[in-house]
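User: I am new to this structure and would like to know how its chains meet. Please explain the reasoning behind each term as you go.

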Amino acid sequence: MTKRDFITVEDWTPEQVDALLALAVRIKRGEVSGGLERKVMAMVFMDPSLRTRTSFETAMFLHGGHAIVLEPGKSSWSLETEAGAVMDGATVEHIKDAARVLGRYADVVGVRSFPRGGDWASVRDDRIVRDFARFCEKPVINMESTRRHPCQQLADALTLRERLGDPRGKRFVLMWAWHPKALPTAVPASAALAAAHQGMEIVIARPEGYELDPDDTALIRKIAQERGGEFVHIMNDPDEALVGADVVYVKSWGAVKQFGRPEEEALMRQGLRDWRLTAPRLKSTRGGGATVMHCLPVRRNVEIDDAVLDGPTSAVVDEAENRLHVQRALLLELLR
Amino acid sequence: MTKRDFITVEDWTPEQVDALLALAVRIKRGEVSGGLERKVMAMVFMDPSLRTRTSFETAMFLHGGHAIVLEPGKSSWSLETEAGAVMDGATVEHIKDAARVLGRYADVVGVRSFPRGGDWASVRDDRIVRDFARFCEKPVINMESTRRHPCQQLADALTLRERLGDPRGKRFVLMWAWHPKALPTAVPASAALAAAHQGMEIVIARPEGYELDPDDTALIRKIAQERGGEFVHIMNDPDEALVGADVVYVKSWGAVKQFGRPEEEALMRQGLRDWRLTAPRLKSTRGGGATVMHCLPVRRNVEIDDAVLDGPTSAVVDEAENRLHVQRALLLELLR
Amino acid sequence: MTKRDFITVEDWTPEQVDALLALAVRIKRGEVSGGLERKVMAMVFMDPSLRTRTSFETAMFLHGGHAIVLEPGKSSWSLETEAGAVMDGATVEHIKDAARVLGRYADVVGVRSFPRGGDWASVRDDRIVRDFARFCEKPVINMESTRRHPCQQLADALTLRERLGDPRGKRFVLMWAWHPKALPTAVPASAALAAAHQGMEIVIARPEGYELDPDDTALIRKIAQERGGEFVHIMNDPDEALVGADVVYVKSWGAVKQFGRPEEEALMRQGLRDWRLTAPRLKSTRGGGATVMHCLPVRRNVEIDDAVLDGPTSAVVDEAENRLHVQRALLLELLR
């Protein structure tokens with residue numbers, strides 16, 4: 001017996017992903033109903049959520065199913081993630097047992113687990129969500145891990161197609177933004193992968209020291225090239241980077257090399273508050289009005305100015321809406 | 001395109017409210033089913049709830065729909081409410097974006113937001129729930145704001161009709177009660193409005209300093225007079241106020257002028273513990289047994305004595321039950 | 001009018017319990033559907049849960065109903081449990097009112113309330129869940145109280161029958177295990193009662209001072225004898241106790257006599273870390289491989305070693321799965 005998980009988009013073939021996006025388009029048009037009757041999704045949130053939880057709960061319901069929200073450490077038991085741990089401390093249940101048990105109750109399990117503490121080498125393998133998939137006999141969906149947010153990636157791919165028609169060869173700029181905290185790199189890596197899959201020209205604009213994980217950068221480059229796109233280059237000047245952009249995807253993330261050392265990282269980002277998408281900067285993009293993307297939640301007037309977010313080229317609410325459509329397609333693919 | 005919100009009862013015409021209550025009566029008799037198939041309600045709770053959440057979740061389910069519970073700052077992101085804020089502090093998502101996104105997932109959005117801190121002038125405009133309604137493209141229901149609890153008001157109106165038959169001209173006493181905390185004024189204002197709409201004689205009994213917002217008092221008076229009732233007067237002696245009462249609605253609330261200064265307000269309420277509905281006091285009402293109302297949760301033996309709450313004229317559990325029936329009617333009106 | 005609650009298994013007749021288990025077997029085979037359309041369960045969790053909440057929410061959904069999760073003190077108001085309390089402290093709503101109101105919205109109410117503080121004499125009457133049942137006009141299900149976890153007991157009974165075929169006369173060893181905290185005795189008492197009802201030979205192995213409540217021990221003995229089983233004896237040496245065991249049910253619990261004095265109890269359990277089910281110990285059981293049971297969550301390598309939990313005779317995940325099947329049967333019995 002084999003089961004299919006959805007840990008990264010790249011675990012699926014391009015044909016499977018294209019079929020998923022095509023199904024999402026039909027769902028968005030209102031052409032698909034039913035298919036999840038008597039099906040249950042268990043969602044394990046080790047971190048907060050608004051879009052993910054609301055869109056999955058809605059998705060299950062709209063097709064006749066039901067989603068259950070679990071919050072280890074709050075409404076549910078705190079989870080141990082180390083194999084072989086002698087559990088005489090604060091954690092109450094091992095992820096192995098939680099995964100096995102939820103696999104008996106639910107038909108599909110979603111897991112959200114942001115990285116916390118430790119060093120990058122110890123968290124970059126996305127072990128928590130992968131262990132969950134290993135121990136659970138039902139399909140597991142990554143609802144955002146250390147390295148990837150594949151549902152966001154699908155929604156971004158759909159949004160790029162909607163806004164650009166044919167995204168091939170168009171310029172996608174991933175622009176780092178200042179933020180009061182060092183955030184995970186799952187979304188920027190996934191967003192750039194979404195654009196790479198569409199065969200776009202990729203630019204990553206970030207301050208020195210804010211490189212993504214080298215494996216992520218290499219994968220973005222490889223996929224862009226395979227799809228006829230290009231990994232143009234990495235720039236450390238937002239003004240230069242935005243010239244000619246068709247899409248600006250704004251996102252803040254923390255320095256990977258300083259991962260787990262927030263005080264040190266905070267010093268690094270001092271003086272970088274100018275990394276913010278303003279209306280004048282948006283004017284410098286292709287035609288003066290590139291499509292503006294962000295996964296939300298967004299820090300207004302810190303990452304992106306109000307005038308941009310509320311302007312005519314902002315796609316941020318569409319991106320969030322598309323989470324619903326792609327996840328409905330994903331659930332139907334996994335469970336029908 | 002226009003959409004209908006439900007922020008205050010008075011935003012609707014008396015005919016619309018009467019139709020709503022008539023539908024609630026038919027629902028309570030078991031005469032109405034279905035109508036919310038494939039409909040989703042998102043409930044945003046910035047404050048705790050038992051009745052509101054259980055009754056809305058049940059209401060959606062009973063008609064074929066589904067309700068989702070979101071708790072910003074707990075399971076979900078903490079919300080920024082200031083327009084134009086530079087969001088470099090603790091809040092993670094602006095209410096504008098949350099409202100827009102939820103409007104894409106859900107068919108109706110409920111918002112509960114009690115006032116916290118600041119001064120009264122800055123919160124008395126119910127800006128949070130009104131902004132939510134402004135930014136959300138779907139109907140928004142006020143699940144209790146600074147100034148109003150319109151779903152409670154509907155339930156109280158239905159309860160008054162059930163208990164009194166024809167409430168017109170009968171005497172409704174809103175009686176302040178002592179409580180260890182300074183509570184919001186949304187419920188007392190809404191309860192008095194419910195009685196005013198029924199054309200009752202309104203008495204407000206409260207200690208000096210515990211006046212409601214002057215606009216609320218004026219609105220209660222105006223509506224009572226329009227409906228053939230009367231705003232008798234405001235009294236500061238509970239014993240005097242209860243004489244001849246047909247209904248005693250007990251509720252504690254904080255002094256509006258001391259809003260946001262809890263220590264000062266606490267000094268004011270010292271010595272007011274006698275403001276409590278006791279069995280002897282209930283005896284002094286019309287026929288020795290006025291209908292006793294309270295929105296719940298109630299502090300037993302602090303606001304109302306056990307003997308009264310558990311006595312034959314207590315309507316508090318019926319009021320709570322009626323929340324379900326009026327909300328089923330409201331959802332059907334908004335979404336069918 | 002009478003209503004049926006489910007506070008302890010022993011409140012029902014053996015015939016009723018047998019019918020329930022027989023229905024659970026048919027449900028597990030996939031032979032039963034529907035029956036809870038338009039029915040609502042309200043679950044009141046005063047303590048965390050993974051299995052209970054997921055299995056009840058799934059159970060209601062699979063038969064067409066809906067379950068609502070309430071968490072007093074977190075998403076909902078904190079509850080007062082003392083009769084006649086003058087509620088001028090931290091608790092916001094009396095259990096009497098919460099029970100009455102939930103009985104108006106829901107068709108069945110589940111309550112989880114672990115004991116906290118006080119002395120044993122004051123909590124051993126399971127007053128909270130019993131008061132809930134007394135005040136609520138709808139059936140109340142005990143989702144784990146101070147003294148009993150009857151849903152776990154049903155699941156354990158089903159698991160014993162599945163694993164042993166005919167459990168009569170076979171040896172059931174309830175083995176105390178060390179744990180960093182003093183846990184409630186509801187599960188060990190309920191597990192031993194499950195075995196007693198099956199007519200098994202019962203052994204309780206625990207260190208001196210870790211006796212269950214004397215009434216529980218007496219009830220286990222009485223039921224075992226009535227069903228043709230035997231209460232062999234109580235031992236204070238785990239190695240001796242395991243010889244000849246057909247089933248080892250591992251569970252930690254706190255010393256009842258030190259209840260409410262955690263520091264004192266912590267001293268007692270110093271030096272007892274050897275009370276742990278290891279692979280060599282399992283070898284000493286009948287045939288070298290007794291069935292291993294635990295209610296979960298389990299502290300791995302503290303209560304039971306990885307090799308045992310992940311070994312071929314471990315039934316812990318089946319026990320958890322059986323929660324779903326017995327609760328589906330229970331809900332159908334109470335609500336159909």
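Analyst: In this predicted model, 24 residues of chain B are in contact with 24 residues of chain A.

User: What makes two residues count as in contact?

Analyst: The C-beta atoms of the two residues, placed from the backbone, must lie within 7 Å. By that rule the contact of chain B with chain A takes in 24 residues of chain B and 24 residues of chain A.

User: Which elements of chain B supply at least two residues each to the side that touches chain A?

Analyst: They are β1 (40-45), β2 (66-70), β4 (93-94) and α3 of chain B. α3(B) gives the most, with seven residues. By class, this side of chain B has 13 nonpolar, five polar and six charged residues.

User: What does the contact between chain A and chain C take from each chain?

Analyst: It takes 24 residues from chain A and 24 residues from chain C. On the side of chain A that touches chain C, two or more residues come from each of β1 (40-45), β2 (66-70), β4 (93-94) and α3 (95-105) of chain A. α3(A) gives the most to that side, with seven residues. The residues there divide into 13 nonpolar, five polar and six charged.

User: Why is the relation of chain A to chain C that of a three-fold axis?

Analyst: A turn of 120 degrees, with a shift of 0.0 Å along the axis, lays chain A on chain C with an RMSD of 0.0 Å. That is the relation of a three-fold axis.

User: Why are α2(A) and α3(B) called roughly parallel?

Analyst: Helix α2 (residues 51-62) of chain A and helix α3 (residues 95-105) of chain B pack at an angle of about 15 degrees, and their axes are 10 Å apart. Angles under 35 degrees count as roughly parallel. α2(A) and α3(B) are therefore roughly parallel to each other. The crossing of α2(A) past α3(B) is right-handed.

User: Which residues meet where α2(A) packs on α3(B)?

Analyst: From α2(A) come A:Arg51, A:Thr54, A:Ser55 and A:Thr58, and they meet B:Val101, B:Leu102 and B:Tyr105 in α3(B). The residues of this contact divide into three nonpolar, three polar and one charged.

User: How do you know what confidence the predictor has in chain A?

Analyst: Chain A averages a pLDDT of 95, and 100% of its residues score at least 70. pLDDT runs from 0 to 100. The model as a whole scores ipTM 0.96 and pTM 0.97.

Key: Residues are numbered from 1 along each chain as its sequence is written. Chains are lettered from A and ligands numbered from 1 in the order in which they are written. This is a predicted model: local features need pLDDT of at least 70, side-chain atom pairs count only at pLDDT 80 or more; totals for chains, interfaces and linings use all residues. Axes are lines fitted to C-alpha atoms, for helices over the stretch in contact, and angles run from 0 to 180 degrees between N-to-C directions. Helices (H or I, at least four residues) and strands (E, at least two) are DSSP runs, numbered from the N terminus. Angles under 35 degrees count as roughly parallel, over 145 as roughly antiparallel, 65 to 115 as roughly perpendicular and the rest as oblique. A crossing is left-handed if the near helix is turned anticlockwise from the far one by less than a right angle, and right-handed if clockwise. Ala, Val, Leu, Ile, Met, Phe, Trp, Tyr, Cys and Pro count as nonpolar, Asp, Glu, Lys and Arg as charged, and the others, Gly among them, as polar. Copies are superposed by least squares on the C-alpha atoms of residues with pLDDT of at least 70 in both.
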